[in-house]
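Q: Could you take a close look at the aromatic ring pairs in this one? I'd like the geometry spelled out, please.

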Amino acid sequence: MNPDQDYTSNDIKYMKEALKQARLAYNHGEVPIGCVIVYEDRIIGRGYNRRNTDKCTLSHAEITAIRRASKEMGDWRLEECTMYVTLEPCQMCAGAIVQARIPVVCAGAVSPKAGCAGSILDILTNNEFNHQVDYRQGLLEEECSNLLKKFFVELRIRNKEEKRLKREEGGDTEDT
């Protein structure tokens with residue numbers, strides 16, 4: 001946890017719910033990213049990464065959670081909600097968060113190659129937009145980060161094994 005940040009027991013509870021969503025993604029062979037949106041101490045939207053399952057670029061955890069929360073609220077504006085997400089949002093999700101007017105986002109792991117809440121760009125707090133987000137980074141960061149690392153280690157092993165099997169099936173060897 002980021003020592004500069006004061007998280008409540010509710011923040012921890014809801015990030016653990018986001019981690020449950022990330023584990024669902026992991027169990028489906030997806031990059032393990034999970035998200036929940038909370039309104040008045042109640043989860044109104046859940047989502048996990050499903051890009052490969054749905055074969056859709058838009059199937060990010062945050063987008064799914066926003067869609068479900070908006071349906072639950074009966075409005076596209078999620079002005080009194082808090083989002084908990086296991087990984088720093090990308091540009092698409094950060095834009096959707098701003099558009100949905102979500103005032104607070106608590107994230108776990110940093111995304112140095114795709115993060116748009118400060119790593120590459122900072123869409124969430126950009127003063128040029130009509131809405132800025134109170135962005136909090138580092139909530140259960142180690143747990144969120146470890147799940148992602150585990151997934152990518154296993155993915156590299158699977159990919160290496162698949163390449164080996166394809167070479168063997170084709171009669172191709174590294175010695176030839």
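A: Let's fix the rule first: rings of Phe, Tyr and Trp (its six-membered ring) pair if their centres lie within 6.5 Å, and planes under 30 degrees apart count as stacked, over 60 as edge-to-face and the rest as tilted. That rule gives three aromatic pairs here. In one of them, the ring centres of Tyr-14 and Tyr-84 are 5.6 Å apart with the planes at 40 degrees, so this pair is tilted. Tyr-14 sits in helix H1 (residues 9-27) and Tyr-84 in strand S3 (residues 81-87), so the contact links distant parts of the chain, 70 residues apart; helices (H or I, at least four residues) and strands (E, at least two) are DSSP runs, numbered from the N terminus. Both Tyr-14 and Tyr-84 are buried, where buried means under 20% relative accessible area, exposed over 50%, and partly exposed in between (1.4 Å probe, protein chains only).

Next come Tyr-26 and Phe-151: centres 6.3 Å apart, planes at 65 degrees, so call it edge-to-face. With Tyr-26 in helix H1 and Phe-151 in helix H5 (residues 141-169), the pair ties together parts 125 residues apart in sequence. Tyr-26 counts as buried at 18% relative accessibility, and Phe-151 is buried too, at 4%. Ring pairs also join Tyr-26, Phe-151 and Phe-152 into a cluster.

Bear in mind that this is a predicted model: local features need pLDDT of at least 70, side-chain atom pairs count only at pLDDT 80 or more, and totals for chains, interfaces and linings use all residues. Residues are numbered from 1 along each chain as its sequence is written, and side-chain values use heavy atoms, leaving out hydrogens and water.
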